[in-house]
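Here are some notes from going through this model, in no strict order. Have it open in your viewer while you read.

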Amino acid sequence: MKKIALVLVLAALSLASKAQNRSFGSDSIDVISYTIFVDTIDIGTKTIYGCTDVYLQPKINNLQYVPLDLLSLIVDSVYIDGTKVTNLNYNDTLLMIECPTPLPDSDTAIVKVYYHGQPVMDPSTWGGFYFTTPYAYNLGVGFEAEPHNFGRVWFPCIDDFVDKAYYDMYISTDTTQMAVCGGTLVDSTHLAGGRIVWHWALNEPIPTYLASMAVGPYVCAADTFLGINGSIPINIYVAQTLIPNISGTFGNLKPVLTTFESRFGPYLWERVGYVGVPFNAGAMEHATNIAYPNATITGNTTYEYLYAHELSHHWFGDLVTCSTAEEMWLNEGWAVFCEFIYKESIYGQDAMQVYIKNKLADVIKRAHFDDGGFYPVGNVPSNITYGTTVYDKGGLVVHTLRNYMGDSLFFPAVKEYLDSLKYGNSNIATMRDIFSASSGIDLTDFFNAWVYREGFPHFDVDSMTIVPNGPNSDITVYLRQKLFGTSQYANSNRVELTFVDPLREMYSVTAEFSGQTGTGMFTIPFVPSTVLVDMNEKTADAVIGYNQLIGTTGTNSFPLAYNYVEITNFTDTILLRTEFHKVAPDPIVSNPDIYRISPNHYWRIGGIFPEGTTFTVQFDYNRTASGSTGYLDTELMSTATSADSLILVYRQGPGFDWEITPFTRAGNFTVGKIKATNGLPGEYALAIGKPFQSGLPESKADGFKISPNPSSDFFLIELNNNQGGIITIISQSGTVVYSNKINKSTKSIEWNPNGVAPGNYIVLQTADNGSKVSSATITLSTK
C-alpha cells in the first residue's frame with residue numbers, strides 16, 4: 001500500500017514540476033554541492049557509468065523523501081549517509097528516495113546515487129548529451145525539454161534555475177583524451193590500466209544547467225587576463241589541429257573582457273574558459289567552460305559576436321540567473337545587448353549602429369513569424385523561451401532602455417543589479433525596481449510597454465510650428481504614436497528629435513509624451529528646415545532609417561528599408577534620411593482612383609535637398625507568402641492579378657491626402673520594383689488602383705520571360721525550363737558582363753546593370769555540360 005501511494009505521489013509531483021517549469025525538489029531540499037564521478041564514458045555505445053554525491057539540507061522539517069531529477073538512466077543503488085536505501089521509486093524522470101529516518105531541517109545529508117545508461121538528447125537536437133567520436137560532451141539546456149534545464153540527463157539533481165550549488169567532478173578517460181569541466185583543474189591522477197582521472201572544482205555556486213563536462217583530444221591554449229580583481233587565467237581547450245586558429249579567433253577576447261568589466265563590473269569567476277566541441281548549431285554558456293563550436297574557431301573574427309555573447313552570460317545568466325524560463329530575457333536578451341556593447345567597444349559607434357539596424361530589421365520582419373505570434377520579451381510561453389523575441393527583440397529592448405535612461409544612469413544601475421544579486425536569481429520586477437531606485441526614474445511605464453507587452457510602438461512627428469525668437473526659434477512639435485503588433489499605447493515615452501537647418505546644422509532634444517499623441521515645446525538656436533525622429537536610432541520602434549551624406553550623382557541603396565534613391569542632378573551636399581515605417585500609413589481621405597492603400601507599411605524620404613537637386617526613388621514590392629520576406633505585401637496584393645493594379649502613391653506629409661505619383665514598374669506578379677520618376681521629399685506607399693497603369697513592357701523568349709525590356713537599370717529574368725546551369729549576359733563584342741550559377745529550382749534572377757554601358761546584350765542559359773538551353777536579347781537603355 002505504501003509503495004502504491006509512493007507511485008501515485010511520484011506521478012503527481014512529476015506533473016506538478018512540469019507545470020511549474022521547475023524542479024519539485026526545490027521546495028524540499030537545498031543542494032549545497034555535487035560531487036560527480038564518471039568512471040566510464042563509452043563513446044561507441046553512447047553509455048556512461050557514474051556516481052553522484054548530493055550534499056543537501058532539507059527545507060522542511062522531518063523530510064521523509066528526497067526527490068531528485070534524473071532522466072532516462074538506470075539507477076543501480078542509492079545510499080543516504082552511507083546507509084543503503086531499499087525503498088525508492090523512479091519513473092525515468094523523478095527519483096523519490098525514502099529516508100531511513102526523517103531528516104530534520106537543521107541537519108545535512110549526503111545522498112549517493114549510482115547509475116548508468118545512455119544519456120539523452122533533447123528532441124529538438126539542441127541540448128542534452130552528445131557522443132561524436134572522439135568527443136563526449138553535454139549542453140545544459142534542452143530547447144523542448146520541460147523544464148529546459150538539462151543537468152538531469154547525466155547526473156541526479158535539483159534541475160531548475162534557482163537551486164545553485166558548488167561542484168567537484170572526477171572524470172575518468174583513457175590516456176588519449178582529456179576531461180574538461182567547469183572551474184579549476186585540481187589534479188589528474190594516472191591509474192593502472194591506462195586511465196586518467198581528471199578532478200575539477202568549481203568554487204562559485206551555479207544552477208545545474210551550467211554544469212559541464214567535455215571529453216576529447218584536448219590541449220590547452222593558455223593566457224592571462226588582468227582584471228579589476230587581479231589576474232584571471234584564460235584556458236581555451238581544443239584539438240591540436242585548431243591551436244593555430246586560436247589567436248586569430250580570440251584575438252579580441254581580452255579587450256572584450258575589459259569592456260564588460262568597465263560596463264558591468266568585475267569578472268567574478270575563477271577562470272575564463274572555452275572548450276571546442278563538434279556542435280554547429282550554437283554555443284552554451286557553461287560556467288567558466290563555454291561549449292564552443294569547433295567550426296567557428298576559424299582563425300578570423302567571423303564569429304567574434306558568438307564568443308562575446310557567451311562570455312557576457314558570466315554577468316547575465318551565470319552570475320545573476322533568471323528565476324524562471326518565462327523570464328529568459330534577463331539572460332538571453334541581455335546577452336544579445338552585450339553583442340552591441342562588444343561591437344561598440346571594438347569597432348566603434350557606427351559599427352554598432354549597423355549591427356543594431358540589421359537586428360531591428362530582422363526582428364520587425366520575422367520575429368512574429370519565427371515564434372508564431374507577437375509576444376512580450378518577458379513572461380513568454382515555454383515554447384519560445386529560446387526564440388527570436390526573447391533573444392533579438394530582447395536585446396533591442398535593452399538598447400532602448402539604455403538610451404531611455406542615459407549611460408550615466410543606466411550602467412551604474414546595471415552594476416548595482418549584478419552586485420546586489422550576484423550568484424543568485426532575479427525576476428523582471430526585481431530588475432525594474434533596482435534600476436528605478438538606482439536611477440531615480442520610475443521605469444514602470446517603460447517595462448509595461450517594452451518588456452511586458454507584445455509588439456512595438458512607433459513614434460513620429462505629425463507637425464510642428466515655428467515662432468522666431470531673436471536668433472532662436474520656439475518650436476512646438478506635435479507627436480503621435482502608432483502601433484505594430486500590439487493594441488496598447490506606451491506611456492512615459494522619450495523620443496529624440498533632431499532639428500536641421502539648410503546648412504545641415506543639427507540640434508537634438510528629447511520629447512516626452514504618453515499615449516497616442518503629445519506635444520513638446522523647445523527653443524533651438526536656429527530656424528529649422530526639418531525635424532528627424534530618432535535619427536540616431538536610440539529607440540527600437542517600428543522604423544528602419546538610414547542617414548546618408550551624398551556628394552555626387554548616382555544610386556544609393558538602402559536594402560533594409562526596401563528602397564533606392566538615385567540622385568540625377570547634384571548641386572551641393574545632400575543630407576538624405578530615408579525611412580521604412582512598419583505600420584499602416586494614414587488612410588486615404590478622398591481619392592477615388594486609389595482603391596486601397598498598403599495596410600502595413602510606408603516610406604518617408606526626407607532630409608536637406610539643396611536647390612536644383614533632382615532624384616528618383618525606387619521601392620521593392622514582394623507578395624511572397626513567407627516568413628523570410630515578412631509577408632511584405634501579401635495582404636495588399638492578395639492575388640497574383642493584384643500586380644496589374646499596383647500603383648505608387650505620395651503625399652507631402654501628415655495633413656495632406658494621398659495622390660498617385662508618376663511611376664514605372666519592373667518585375668512580375670510576385671516581386672519587383674516600383675519607381676517614382678520625379679522624386680520629392682515626403683511619404684510614399686504602395687496601393688491598388690485601376691488595372692494596367694504601369695505600362696510594363698515584357699519580352700518573351702524560349703525559356704525566358706524578361707521584364708522590363710528595354711530598361712535603364714533593372715531586369716527580371718524569369719526561367720521557364722527548370723534545367724538549371726549558368727546564366728550569362730554578354731555584350732555584342734563578346735564581353736561577359738554577368739554570370740551566375742543557377743539550380744533547377746531557380747525561378748527568376750534579377751540583374752542590376754550598374755556600370756554597364758547602354759546597348760543590346762544577349763542573355764544565354766547553358767546547361768552544366770556547356771550546351772545551350774535558351775537565349776534572348778535585352779536592351780539596356782540610357783538613363
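**Notes on the model**

1. Gly 485 comes out as partly exposed, at 25% relative accessible area. Bear in mind that we are looking at a predicted model throughout. Gly 485 belongs to the loop between β23 (472–484) and β24. Leaving aside neighbours within four places in sequence, its contacts are Phe 374, Glu 454 and Gly 455. There is also a long-range relation to check on screen: Gly 485 and His 368 are separated by 117 residues in sequence, yet their C-alpha atoms are 8.6 Å apart in space.

2. Asn 591 is another loop residue to click on. You will find Asn 591 in the loop between β31 (574–581) and β32 (594–597). Is Asn 591 buried or exposed? It is buried, with 18% relative accessible area, because the cut-off for buried is under 20%. Not counting residues up to four places away in sequence, Asn 591 touches a run made up of Asp 657, Trp 658, Glu 659 and Ile 660.

3. On to charges. Side chains of opposite charge can pair when their charged atoms come close. How many salt bridges does a search of the whole structure find? The count is 26. A few of them are picked out in the next points.

4. Asp 223 and Lys 254 form a salt bridge through their side chains, at 3.3 Å from N to O. This one ties together distant parts of the chain: Asp 223 sits in strand β16 (residues 218–227) and Lys 254 in helix α3 (residues 253–264), 31 residues apart. Both ends are partly exposed, Asp 223 at 40% relative accessible area and Lys 254 at 32%.

5. Arg 366 and Asp 370 make a salt bridge within one helix. The N to O distance is 3.4 Å, and both residues belong to helix α6 (residues 349–370), four residues apart, or about one turn of the helix. Arg 366 is partly exposed at 27% relative accessibility, and Asp 370 is partly exposed as well, at 37%.

6. Lys 538 and Glu 496 meet at 2.8 Å, N to O, in another salt bridge. Here too the pair links distant parts of the chain, 42 residues apart: Lys 538 is in the loop between β27 (530–533) and β28 (543–550), while Glu 496 is in strand β24 (residues 493–500). The two ends fall in separate accessibility classes: Lys 538 is partly exposed at 29%, whereas Glu 496 is buried at 12%. If you like networks, salt bridges with shared partners join Asp 460, Asp 462, Arg 480, Lys 482, Arg 577, Glu 579, Asp 586, Arg 604, Arg 651 and Glu 683 into one.

7. Now the pockets. The largest pocket has a volume of about 700 Å³. Its lining has 25 residues, and those closest to the centre are Ser 529, Thr 530, Val 531, Arg 604 and Gln 652. Two or more lining residues come from each of β22 (456–469), β27, β31 and β33 (602–608). By class, the lining of this largest pocket splits into 12 nonpolar, eight polar and five charged residues. Arg 604 is worth colouring in, since it turns up both in the salt-bridge network and close to the pocket centre.

8. The second largest pocket has a volume of about 490 Å³. Of its 25 lining residues, Ala 281, Gly 282, His 309, Glu 310 and Tyr 391 are the closest to its centre. The elements giving two or more residues to this lining are α4 (304–312), α5 (332–347) and α7 (388–405). Which element gives the most to the lining? That is α4, with four residues. The lining divides into 13 nonpolar, five polar and seven charged residues.

9. Last, the packing. In soluble globular proteins, nonpolar side chains tend to be buried together. The largest nonpolar core here has 215 residues, and Trp 329, Trp 334, Phe 435 and Leu 497 have the most contacts inside it. Apart from this core lies another, of 16 residues, including Ile 749, Trp 751, Val 763 and Leu 780. Back in the largest core, Leu 497 has contacts beyond its four nearest places in sequence that include Val 461, Val 477, Tyr 507, Phe 522 and Val 531.

Key
Residues are numbered from 1 along each chain as its sequence is written. This is a predicted model: local features need pLDDT of at least 70, side-chain atom pairs count only at pLDDT 80 or more; totals for chains, interfaces and linings use all residues. Side-chain values use heavy atoms; hydrogens and water are left out. A salt bridge is a side-chain nitrogen of Lys or Arg within 4 Å of a carboxyl oxygen of Asp or Glu. Buried means under 20% relative accessible area, exposed over 50%, partly exposed in between (1.4 Å probe, protein chains only). Contact means heavy atoms within 4.5 Å. On a 1 Å grid over the protein atoms alone, a cavity is a set of points where a 1.4 Å probe fits but cannot get out, and a pocket is an open set with protein on both sides within 12 Å along at least five of seven lines; lining residues have an atom within 4 Å of a point. Grid points are joined across faces, edges and corners, and a volume is the space filled by probe spheres set on the points. Ala, Val, Leu, Ile, Met, Phe, Trp, Tyr, Cys and Pro count as nonpolar, Asp, Glu, Lys and Arg as charged, and the others, Gly among them, as polar. A nonpolar core is a set of buried Ala, Val, Leu, Ile, Met, Phe, Trp, Tyr and Cys residues joined through side-chain atoms within 4.5 Å.
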